Amino acid sequence: SNSPELTSDLHSHWSTVFQDVHVMIFIGFGFLMTFLKRYGFSSVGLNLLLAAFALQWGLLVQGLWHLDEGKIKVSIFKMINADFSTATVLISFGAVLGKTSPVQLLIMTLLEITIFGINEHLVAEVLKANDVGASMIIHAFGAYFGLAVARMLYRPALGNGHENDGSVYHSDLFAMIGTVFLWMFWPSFNSAIAEPGADQLMAVTNTYFSLAACVLSAYAVSSLVEHKGKLDMVRYHMLHSNHKESEAKL
């Protein structure tokens with residue numbers, strides 16, 4: 001059996017990982033969504049609202065698939081998974097930002113988390129096709145769900161663009177803050193559900209070096225293609241997604 005010291009160390013480890021993922025959800029995604037010039041307050045404020053609702057609903061939905069004697073038991077590991085389900089909603093949120101009311105977003109969250117729970121069970125438990133960073137379950141699902149909702153909300157008049165569909169200096173600056181927070185904590189996110197030890201170390205190491213390489217590549221390409229070699233901040237907002245290219249597959 002595990003010694004008290006080992007149990008305490010594992011608890012401390014999971015608590016640290018949980019806090020890292022939590023920072024990504026509430027600060028990283030929140031400030032990343034400030035890229036539009038007119039929706040900065042909505043981005044951070046609605047991000048907090050949706051995340052607070054999604055993590056509770058996600059804990060319940062995922063708990064239904066893993067009942068323990070008919071009860072949903074809470075642990076730090078399950079709270080991390082609830083944050084993962086929340087990430088799908090926040091990814092979708094970026095596709096409909098400025099087009100939806102808070103009530104519509106809450107309805108979207110309710111539906112998306114429910115479908116997420118079914119999709120997660122199908123991919124991870126039935127098909128056994130999951131990777132340690134949950135790229136299909138979280139990132140791909142959130143992106144395509146957001147695109148589907150945006151398509152449903154599309155109106156022909158929007159084809160010519162909108163005056164609020166753009167960024168300004170301060171919106172890019174705040175979005176860059178969100179990008180940096182996400183960039184810092186991706187190793188914890190990708191390794192959160194890996195087995196402690198060699199598997200988790202591999203996930204952290206692969207993500208760590210891939211992130212560093214992505215930064216250099218993005219700056220180099222931006223300098224080459226931009227006018228007079230200037231750096232484009234908007235390109236770096238997308239650095240948070242580049243970790244998927246070399247994510248650890250365990």
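Helices H2 (40-65) and H3 (76-96), both DSSP runs of at least four residues in H or I and numbered from the N terminus, pack at an angle of about 135 degrees with their axes 8 Å apart. Axes here are lines fitted to C-alpha atoms over the stretch in contact, with angles running from 0 to 180 degrees between N-to-C directions. That makes H2 oblique to H3, the label for whatever is not under 35 degrees (roughly parallel), over 145 (roughly antiparallel) or 65 to 115 (roughly perpendicular). On the H2 side the contact (heavy atoms within 4.5 Å) includes Leu 46, Leu 50 and Leu 59, and H3 brings, among others, Met 79, Ala 82 and Val 89.

This is a predicted model, so local features need pLDDT of at least 70 and side-chain atom pairs 80 or more, while totals for chains, interfaces and linings use all residues. Residues are numbered from 1 along each chain as its sequence is written, and side-chain values use heavy atoms, with hydrogens and water left out.

Met 79 sits in H3 and, at 29% relative accessibility, counts as partly exposed, that is, between buried (under 20%) and exposed (over 50%) with a 1.4 Å probe and protein chains only. Beyond its neighbours within four places in sequence, Met 79 touches Phe 18, Leu 59 and Val 74.

As for the inside, the largest nonpolar core (buried Ala, Val, Leu, Ile, Met, Phe, Trp, Tyr and Cys joined through side-chain atoms within 4.5 Å) has 43 residues, with Ile 80, Ile 138 and Phe 189 making the most contacts inside it. H1 supplies the largest share, 9 residues.

Note on methods:
Helices (H or I, at least four residues) and strands (E, at least two) are DSSP runs, numbered from the N terminus.
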